[in-house]
Amino acid sequence: MNSKRGIILLCFIAFISLFAQAEVIRGDNGENVNWTFNTATGEFSIFGNGKVWASDSTDILPWYDYLDMIEKVHIASDVCYIGSWAFAGCTHLRTIEIPSSLTDIGVGILYNCTSISHPIYNDSTFIYLPPNYVGSFILPEGRRYIAGGAFFGCKDMTSIKIDDSYTYIGPYAFSHCSRLLAIAIKGEMKEIEAGTFEECSNLKTLKLPDSITRIGANAFSGCTSLTSFVVPSNTNEIEEKAFALCSSLSSIKFPPAMQHIHSHAFIYCDELHSVIIPNSSCKVDRTAFPYHCAVTLR
């Protein structure tokens with residue numbers, strides 16, 4: 001009997017000790033937003049009417065010290081924005097609750113969250129695919145947006161089907177998808193954002209809708225298997241290094257709508273020897289093309 005009582009007493013002391021060590025951390029952030037983190041359960045919650053932390057680096061996040069302890073995230077329905085890299089590096093994060101009302105989502109909010117084993121999305125936005133995904137992927141229908149960095153580093157994804165309901169793809173969404181072979185976008189998108197298909201080194205077939213007006217910086221840089229490209233008919237601007245290091249690109253067709261090709265847009269495109277731009281008033285920055293490429297405006 002004394003032995004049993006001793007065991008019960010030790011268990012009680014252990015429980016009290018664990019409870020005493022548990023702590024609920026509280027903080028505020030952004031515009032009228034608060035957050036809490038329970039060190040005992042690993043649950044992190046964001047609530048309040050406003051925006052949450054827009055940052056370029058995880059080391060200035062208010063909850064930076066707890067990133068490797070967070071296991072579950074709950075975002076309340078009154079939060080209207082989640083900033084870039086908000087939970088990047090939460091290697092123990094397994095579940096995240098994102099309300100359907102949240103449509104404004106920064107780049108890479110779940111980057112390097114290696115314990116998440118399933119796709120993450122809400123009613124409007126596809127947010128994250130685990131980078132160990134293998135093979136073809138079909139995006140859920142009826143969404144409108146693909147968050148920045150959503151497929152970053154999915155090096156074994158070979159193809160993706162994008163429903164024509166999608167109207168926006170965020171920066172670096174498919175960056176470093178090195179086995180992706182083809183991309184066909186049908187939705188009414190206006191821009192290809194920075195780094196969207198950067199380092200997709202096996203990308204050979206690329207078809208964009210005519211609604212595209214701008215191709216952002218580094219959008220296709222490092223797509224070393226791309227040999228030809230037809231610029232959409234309404235595109236008027238190609239930004240810095242958009243096709244840099246596309247070493248196999250030998251043919252590109254520009255539309256009359258083209259107005260500005262920025263510096264280094266086609267730097268290190270070694271196989272590109274001549275281009276014709278059917279707009280004599282198009283501004284072509286001096287270093288837009290390789291030195292050996294003959295550029296004709298007419």
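pLDDT is the predictor's confidence in each residue, on a scale from 0 to 100. The exercises below concern a predicted model.

**Exercise 1. Confidence along the chain**

Determine the average pLDDT of the chain, and state what contacts the stretch of residues 8–20 makes beyond near neighbours in sequence.

Solution. Begin with the whole chain: its mean pLDDT is 89, and 88% of the residues reach at least 70. Turn next to residues 8–20, where the pLDDT is below 50. Beyond near neighbours in sequence, this stretch has zero contacts in the model.

**Exercise 2. Strand S3 and its partners**

Establish which sense, parallel or antiparallel, describes the pairing of S3 with S2, and which describes its pairing with S5.

Solution. Consider S2 (residues 33–38) and S3 (residues 43–48) to begin with: they run antiparallel and are joined by six bridges. Within this pair, asparagine 38 has glutamate 43 of S3 as its bridge partner. Four residues lie between the two strands of the hairpin, and glycine 42 adopts a positive phi near 75 degrees there.

Next, take S3 with S5 (residues 72–75): four bridges link these strands in the parallel sense. Here phenylalanine 44 is bridged to valine 73 in S5.

**Exercise 3. The nonpolar cores**

Identify the residues with the most contacts inside the largest nonpolar core, and the elements that give two or more residues to this core.

Solution. The largest nonpolar core comprises 53 residues, and Phe151, Phe174, Phe243, Phe254 and Phe266 have the most contacts inside it. Strands S13 (157–161) and S23 (274–277) are the elements that give two or more residues to this core.

As a detailed case, examine phenylalanine 243. Leaving aside residues up to four places away in sequence, its contacts include Ile215, Phe220, Leu226, Phe229, Ala265, Phe266 and Cys269. Ser221 is also among the residues that phenylalanine 243 touches.

Apart from the largest core lies another, of 31 residues, including Phe37, Val73, Phe87 and Ile98.

**Exercise 4. Cysteines and the disulfide criterion**

Count the disulfides, and decide whether cysteine 246 and cysteine 293 are buried or exposed.

Solution. The criterion requires two cysteine sulfur atoms within 2.5 Å. By this rule there are zero disulfides. For cysteine 246, the nearest cysteine sulfur belongs to cysteine 269 and is 5.1 Å away. For cysteine 293, the nearest cysteine sulfur is again that of cysteine 269, at 8.6 Å.

For burial, the cut-off is under 20% relative accessible area. Cysteine 246 counts as buried because its relative accessibility is 0%. Cysteine 293, with a relative accessible area of 10%, is buried.

Definitions and conventions. Residues are numbered from 1 along each chain as its sequence is written. This is a predicted model: local features need pLDDT of at least 70, side-chain atom pairs count only at pLDDT 80 or more; totals for chains, interfaces and linings use all residues. Side-chain values use heavy atoms; hydrogens and water are left out. Buried means under 20% relative accessible area, exposed over 50%, partly exposed in between (1.4 Å probe, protein chains only). Contact means heavy atoms within 4.5 Å. Two strands pair if DSSP finds at least two bridges between them. A nonpolar core is a set of buried Ala, Val, Leu, Ile, Met, Phe, Trp, Tyr and Cys residues joined through side-chain atoms within 4.5 Å.
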